[in-house]
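Reader: Please show me the model and its sequence. I would then like to ask about its helices, core and charged pairs.

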Amino acid sequence: MSAFFSPFISKPDSVSAIMLKVILALIPGIALYVWYFGPAILVSITLASLTALATEAAMLKLRKRPIAPFLKDNSALLTAWLLALSIPPLAPWWLIVVGTAFCIAIAKHLYGGFGNNPFNPAMVGYAVLIVSFPVQMTHWITPQGMGAELGFGQQWQYIFSGMLPDGLTLDAVTMATPLDTLKTQLHLALPANEILTQPIFGHLAGHGSEMIALGFLIGGLYLLAARIISWHLPVAFLGTLFLIAGIFHMVDPTHYVAPVFHWFSGAAMLGAFFILTDPITSPTTRKGKLIFAAGAGLLTYLIRVYGAFPDGIAFATLLMNICVPLIDAYTQPKVFGKKEKQS
């Protein structure tokens, strides 16, 4: 009978189980992505997944490490999915392959593999792609109902051959992101409230993209409820982004949009719950997590408003990754009983 009494010690989830739960939490956002923008994103995810697994196996073989256990930990798959969700769904197949291979081979295995990489691999891949291939990284597909639409076969054909149906041009099926549109037209001295009345914008942010962000928010709340991630990173990031955007909006609402727009634009929700929460590249202490995420939120806003790129999640994450060792060093709790050195 003693087996039925406390205390009970629960067995912690394995790395593969945790990674799988994070991947599953992405599904609501992906489903809404398909609903509003078509199934091209599924092609990107599949290509990235196959490339990630193949590159992971090749690197493990070169490093003379066991292949099967590391392939089964799902970390390469998660990196692939995050990169695929960060780049345009109509990106050519080679762009996805090159970016994913770089994530795994360079950003992950060059530093010793899983657990040793100082930078978020998916964000390294994204940064390399947007700097190296800026034109291909700006062709975002038009939301359903707002222009010429491509069926699955036509999207597939364009990804692998670069060919569109007769009578259609790339400009007819792609458009700038809401963040890019806002930044460009603000530079033309148009007031923010006038810009936001355009069809590309919805109730909270961009048409369609705001619903995708809501899907990632739902997935993120699941991760919080399942205790896969702690609240410190997403709350500090979203709170800082909201605060700084709110201050600028109150000072000058003509040139700065409301903070909710920044929450539901770009990769803010994806970054808050799935990118910044990477346990390898984020601080280990609670205070450190708050500092890390707050810094990322501030940098994201500054890059969005004053930087050369419309969204700042990737570069903000990588810049804060650099600071993680310093943050950890100054936020570690003092060892009980240890006296401070006298100067």
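**Helix α17 and beyond**

Author: In α17, the buried residues (under 20% relative accessible area, 1.4 Å probe, protein chains only) are Ile313, Ala314, Phe315, Ala316, Thr317, Leu318, Met320, Asn321, Val324, Ile327, Asp328 and Thr331. This is a predicted model, in which local features need pLDDT of at least 70, side-chain atom pairs count only at pLDDT 80 or more, and totals for chains, interfaces and linings use all residues. Residues are numbered from 1 along each chain as its sequence is written, and side-chain values use heavy atoms, leaving out hydrogens and water.

Reader: At which residue does helix α17 bend?

Author: Helices are DSSP runs (H or I, at least four residues), numbered from the N terminus. The bend is the angle between axes fitted to the seven residues ending at a residue and the seven starting there. In α17 (residues 313-331) the angle is about 45 degrees, and Pro325 follows within four residues of the bend, which is at Cys323.

Reader: Which helices do the buried residues of α17 pack against?

Author: Contact here means heavy atoms within 4.5 Å. The partners are α7 (121-132), α13 (232-251), α15 (268-275) and α16 (286-306).

Reader: Which residue forms a salt bridge with Lys108?

Author: A salt bridge puts a side-chain nitrogen of Lys or Arg within 4 Å of a carboxyl oxygen of Asp or Glu. For Lys108, the closest N and O atoms are 3.0 Å apart, and the partner is Glu56. Lys108 lies in helix α6 (residues 93-108) and its partner in helix α3 (residues 40-62), so the pair ties together parts 52 residues apart in sequence. Both residues are buried, Lys108 and Glu56.

Notes
Helices (H or I, at least four residues) and strands (E, at least two) are DSSP runs, numbered from the N terminus. Buried means under 20% relative accessible area, exposed over 50%, partly exposed in between (1.4 Å probe, protein chains only).
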